[in-house]
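Me: I should like to learn how to read a structural model step by step. Could we begin with the overall fold and then turn to the ligand and the backbone?

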Amino acid sequence: MQGLMMDMPLLISDLIKHADRNHGDTEIVSKTVEGSIHRYTYHDAHARARRLANALQALGVKNSDRVGTLAWNGYRHYELYYAVSGIGGVINTLNPRLFPEQITYISNHAENTALFFELTFVPLVEKLAPLLKAVKHFVLMTDRAHMPAATAIPNLQCYEDLVAQQDDRFEWPSFDERTAAALCYTSGTTGNPKGVLFSHRSTVIHALAAAMPDTLNLSARDSILPVVPMFHANAWSLPYACTMVGAKMVFPGPHLDGKSVYDLIEQEKVTLSAGVPTVWLMLLQHLSSNKLKFSTLKRTVIGGSACPPAMIRAFQDDYGVGVFHAWGMTEMSPLGTVGSLKAKQAALGKEERYAIQAKQGRGIFGVEMKIVDEEGKELPWDGKRFGNLLVKGPWITSAYLKGEGGDPLINGWFPTGDVATIDADGYLQITDRSKDVIKSGGEWISSIDLENIAVAHPAIQEAAVIGIAHPKWDERPIVVAIKKAGQEVSKAALLKFYEGKVAKWSMPEDVVFVTELPHTATGKLSKLTLRQQMKDYKLP
Ligand code: ADP
């Protein structure tokens, strides 16, 4: 017997229709590339998304056509999210921080037929345009007044002109919810980047899960600032999930330094923000050196790489901002686990609660997890045994675009490439990416654990731990660290700081002080680059 409920597809256009109807006067605020503040409402955004939908169709964008973007978090990018997917096209959010050759590779692989980009990227697109084989339309996301007088970009069109020329009468089409909606490439630390293709269905149910109280706890009373870029795993679903719940959205544009983010949080009464640890480092530094406090910020989501316990402490103890430590990956849309407490844990002492929060969190309904040993045998959830982490669920990748890299699944499970433990309460703790874990004398040493200790030292700003080849032990860990401005600590003192905090055999062998650490295009420590930079280093 079949159920007798209406069979309605889950479509991205329904999110903005809902927000317009129910939260029409709620604001979307953007700091623009030009530095001004743009302000409008869900009602206005929906009207402009419909005009843009007409404009896209006038350009010849059809079902399943890919449309590339090189853009910051802002209202025009938001309109593209809805207009491109809404007409049945696929938005390919390109990460402008990648090398130009990688951007070219991705855009050609995706076969983007149009490219929408912001003023910041005019010089880049001038260089790339002749190489972007499939792109028929180059559209600059600005108004007539900011269009360059002369440019090498062929037939450059103006976004505001395209929108202005169209009517806002447009009926969002209905189609199969499994239709592709958005395309995001993984950073591809080895080999070429691979395309992760999200569907309308996966996007809408992932947004529902993201909004839940123990996930990101989003509501119509929130003012939400995604610092995480819209080109990094769809800003962790915030452009969809905020629209679903009717939260005010605040977009920072390219202005991600501590002062700009702080000022925007204060001006727009932001209650929740989300980003990778590196941006929070800049924000916390700005706060402490200027003796500032937050007046409205209540919660922050930190993920993308491990959030050091020292950062959780700084946010919660010094600024009264609750931390949600989250783990996920582009292949998971990206949310997998979030570290909210259970009732029995909320009653624990502070140190015990903080220890739970330092883990990456528990699985959201919709994400199944298991850890396995080298032979693929499942390991117990005891918080001690660590193994390769596999996941499955309705918003997790089953294959990459064009079958790149072959079938990624192992008996229906997606291997994350992470090594982790899971405890009896279901809390995941990432030991390391499997390629970063340090193998020493038959034991595995977590680089994340050693990094967390280094940054807990009052004189350390940022630290990366890598394994260095050793004739007897295979590999030994060393700390590569940046000191805080005006602070001093010796190698010996930092090594001493590890005593009593880790087992003898996992003590770092040496400390190297540097003034800069390499980061990936998504703002994470790039161990790959660091290992290359340290290739001539010799253990003492
Ligand atoms: P990439 O950075 O390679 O573009 P993703 O942004 O999808 O790709 O990164 C996913 C990976 O980031 C995960 O597999 C994991 O190794 C790491 N990661 C994400 N969140 C966390 C976290 N909270 N703690 C530790 N590692 C994390």
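Reply: Let us start with an inventory of secondary structure. This is a predicted model, and the protein has 17 helices and 25 strands.

Me: What radius of gyration does the protein have, and how should the value be read?

Reply: The value is set against what a compact globule with the given number of residues would have. For 540 residues that expectation is near 24 Å, and the protein has 23 Å, so the two agree. The C-alpha trace spans about 70 × 65 × 45 Å along its principal axes.

Me: How much of the protein is buried, and what does its accessible surface consist of?

Reply: A residue is called buried when its relative accessible area is under 20%. In this protein, 58% of the 540 residues are buried. The accessible surface is about 22,800 Å², with 53% of it belonging to carbon and sulfur atoms.

Me: What share of the contacts joins residues at least 24 apart in sequence?

Reply: Here one takes the contacts between residues at least 6 apart in sequence; 66% of these join residues at least 24 apart.

Me: Which residues of helix H10 are buried, and what covers them?

Reply: One lists the buried positions and then looks for the elements in contact with them. In H10, residues 258-267, the buried positions are Gly-258, Ser-260, Val-261, Tyr-262, Leu-264 and Ile-265. Their cover includes strands S1 (27-31), S2 (37-41), S10 (223-226) and S11 (248-251), together with helix H11 (277-290). Just after H10, Lys-269 has a positive phi of about 50 degrees.

Me: Which residues surround the ligand most closely, and how is the shell composed by class?

Reply: The shell is read first by membership, then by class. It holds 16 residues, of which Ser-187, Ala-326, Thr-330, Asp-418 and Lys-524 are the closest to the ligand. Nine members of the shell are polar, four are nonpolar and three are charged. Strand S14 (residues 322-328) supplies the largest share, four residues.

Me: Which side chains place polar atoms at short range from the ligand's own N or O atoms?

Reply: The cut-off for a polar contact is 3.5 Å between N or O atoms. Lys-524 has a polar side-chain atom 2.7 Å from an oxygen atom of the ligand, and for Arg-433 the distance from a polar side-chain atom to a ligand oxygen is 3.0 Å. In the side chain of Gln-360, an N or O atom is 2.9 Å from a nitrogen atom of the ligand. The protein buries 92% of the 570 Å² that the ligand exposes when taken alone.

Me: Where is the peptide bond that is cis, and what is its omega?

Reply: One reads omega for the bond in question. The bond from Ser-333 to Pro-334 is cis, with omega near 10 degrees. Pro-334 is in the loop between S14 and strand S15 (335-338). Ser-333, also placed in the loop between S14 and S15, is a residue other than glycine with a positive phi, near 75 degrees.

Me: Is Ser-333 buried or exposed, and where does Asn-155 stand in that respect?

Reply: The relative accessible area decides: under 20% is buried and over 50% is exposed. Ser-333, at 7%, therefore counts as buried. Asn-155, at 65%, is therefore exposed. Asn-155 has a positive phi of about 45 degrees, although it is not a glycine, and it lies in the loop between strands S6 (137-140) and S7 (157-158).

Note on methods: Residues are numbered from 1 along each chain as its sequence is written. This is a predicted model: local features need pLDDT of at least 70, side-chain atom pairs count only at pLDDT 80 or more; totals for chains, interfaces and linings use all residues. Side-chain values use heavy atoms; hydrogens and water are left out. A residue is near a molecule or strand if one of its heavy atoms lies within 4 Å of it. A polar contact is a pair of N or O atoms within 3.5 Å; within protein, one must be able to donate a hydrogen and the other to accept it, and residues adjacent in sequence count only if both atoms are side-chain atoms. Accessible areas come from the Shrake-Rupley method with a 1.4 Å probe; for residues, only the protein chains shown count as cover. Helices (H or I, at least four residues) and strands (E, at least two) are DSSP runs, numbered from the N terminus. Ala, Val, Leu, Ile, Met, Phe, Trp, Tyr, Cys and Pro count as nonpolar, Asp, Glu, Lys and Arg as charged, and the others, Gly among them, as polar. The radius of gyration is taken over C-alpha atoms; the globule rule is 2.2 Å times the number of residues to the power 0.38. Buried means under 20% relative accessible area, exposed over 50%, partly exposed in between (1.4 Å probe, protein chains only). Contact means heavy atoms within 4.5 Å.
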